[in-house]
Amino acid sequence: MRCLSRLFLGTLTAAALLGSPAEAGKYDAQFRQFLTSEIAPAARRAGVSQAVIDRELNGLTPDTSLPGLVGPGGKGTPPKVNFQAEFRSPERYFRASQFNALVPRGRSLMQKHAGTLKRIEARYGVPGRIILAIWARESGYGGAKIPYDALRVVATQAFMGQRPDFFKGEVVAALQILQNGDVSRRAMKSSWGGAMGQPQFLPSSYLKYAIDFDGDGKRNIWTSQADTMASIAHYLSEHGWQKGRDWGYEVYLPDTVSCTREGPDNRQKISDFVHEGVKRVSGKPFPDYEINRPGNILLPAGRYGPAFIATENFYVIKEYNESDAYALFVGHLADRYGSNTGFAGAWKPMKETTRGAVRNLQLRLEGLGHDVGGADGLIGFKTRRSIGKDQEKNGFFATCWVG
C-alpha cells in the first residue's frame, strides 16, 4: 500500500459514505479524543516534539467526504464489492490515445533532463525512461491535481477508515515530515488516499525513499522535478531493481508452449524459452545481457492478448502498484518513448461477463484444488493458469482466460 490512489488515468472506486453536510462536525469530539489519546503519544515516541504535535493537531477536524470511510475505529461496514459490475479486459488500460498523449511530453522531459537522468541512472541503476513512465502514470508528469491536506487525510483514515492501524503509522510519519521541515503544511498535498506529490508516496514511503537531488537541502516531491525523478528511482532501487536489465519483451508464444506455465514462480533462462520457439515480435534476438538470465511468461489476457517474457524488473515495478496492468502500462510507455507503436499482438474479442461470474469460476476452481490467488473476481496469473489447467484436463486447448 505504498501508493494508494491513482489520480491520473483512474477513477474513484468507492462511494463517500459519510460525506453529507449533516455529518460535518458530527465526529469532531471523538476525533479530538483520538488524536489526544492515540496519535500524540505515538508521535512523541517517534521523536516528534510537543510543539509540532500541538501546532499540527490543534484544530484538526476529520474530512468525512473521503471515499470509503466506515466510522470511528474502523468498526463500521465497509463498502461491498460490486460483483455485478462488468469485468473489463486488460485492453482498456492500453488505449492508443493515452500513450499518444503521454509520449511527446515524456520525450520532451527526457531531453530537458538528460543530464539529471544520466546522473540518477548512474546512482540507482534505473533507466530514465522507466522513471518517466512511472511519473507519467502517477501524476501525468506532475500535471494532475493533488488537492488534499495530506495530514488531514491520513488522520481521517486512521480515525474512521478501513485500515486504522496502518494509517496511524502514516499520521506519525506525516508529523515527522513536518518536523523535519522539508515541506510546509500548506504545501504537503496528497490524493484522497494520502499519497503525496508527483510520485504519489505515502508519508512512510517519503521518509524512506524521497531524495533531495537538486541540492537545495529539501526533499521536495511536490514541485521539484529532479527530486521527483530521483525519488522514484530510489524507490525502485531499494525494491530490487536489477541494473542493466529491461522490464520485459513482447514475444510470439507458440502453441506448443502452454499458457499454464505463466508466472514468476515458473522462471527459467530466456535461452531455454528461445529453444522452445519463443521469439521477440521485433524479429531481433534477445540481448546478450538477457539471454542467460531468468524470465517468465506473462499473459495479461491469456491467449486473448499479447504475450511477453518478463524479467524480475517487471515485478519490481509491481512493488509500486500491485497490478499486472499497471506494470505493463509503465513498461510499454517506457518503450514507446523510442518508437511510439502499440503491441504487435492483438487483443482479441472477449466474452462479456461480471466480476461475480469470475468469482464463481474462481470458487469452482478452488474446489477442484487450484490456487487462484484468492476469489476476488479479478484475474491474476494464478487464476489464468488455473483456468488453463482445467481446460487442458478437460481436453481443450488452453487459453487461460474466461470464455
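Leaving aside its neighbours within four places in sequence, with which residues is Ser271 in contact? In this predicted model, Ser271 has its place in helix α10, which covers residues 270–275, and, once the neighbours within four places in sequence are set aside, its contacts are with Ile291 and Asn292. With a relative accessible area of 10%, Ser271 is buried, because a residue counts as buried when that value is under 20%.

From here the reader can turn to the sheet, an open one of five strands whose order is β5-β7-β9-β4-β6 and whose pairing is antiparallel. Its edge strands are β5, made of residues 268–269, and β6, made of residues 279–280, each of which pairs on one side only. Going inward from β5, one comes to strand β7, residues 294–298, which runs antiparallel to β5 and is joined to it by two bridges; here Lys269 stands opposite Pro294 of β7.

The next step along the order leads from β7 to β9, two strands that run antiparallel and are joined by three bridges, and in this pairing Leu298 has Phe308 of β9 as its bridge partner. On the other side of β9 in the strand order, strand β4, residues 248–252, is joined to β9 by four bridges, again with the two strands running antiparallel, and Tyr249 stands opposite Ile309 of β9.

Strand β9 itself, residues 307–310, repays a closer look. In a regular strand the side chains alternate between the two faces of the sheet. In β9, Ala307 and Ile309 point one way while Phe308 and Ala310 point the other way, and all of them are buried.

The last part of this path concerns a pair of helices. Two packed helices are described by the angle between their axes and the distance between the axes. Helix α5, residues 128–139, packs with helix α13, residues 324–336, at an angle of about 125°, and their axes are 8 Å apart. Angles from 65 to 115 degrees count as roughly perpendicular and those over 145 as roughly antiparallel, and α5 and α13 are therefore oblique to each other. The crossing in which α5 passes α13 is right-handed.

On the α5 side, the contact is made by Arg129, Ile130, Ala133, Ile134, Ala136, Arg137 and Glu138, and on the α13 side by Tyr326, Phe329, Val330, Leu333, Ala334 and Asp335. Sorted by class, the residues in this contact of α5 with α13 are nine nonpolar and four charged, with no polar ones.

Notes:
Residues numbered from 1 in each chain as written. Predicted model: local features only at pLDDT ≥ 70, side-chain atom pairs only at ≥ 80, totals over all residues. Heavy atoms only, no water. Axes fitted to C-alpha atoms, helices over the stretch in contact; angles between N-to-C directions. Parallel < 35°, antiparallel > 145°, perpendicular 65-115°, else oblique. Left-handed = near helix turned anticlockwise from the far one by under 90°. Contact = heavy atoms within 4.5 Å. Nonpolar A, V, L, I, M, F, W, Y, C, P; charged D, E, K, R; others polar. Pairing = 2+ DSSP bridges. Buried < 20%, exposed > 50% of the residue type's maximum accessible area, 1.4 Å probe, protein only.
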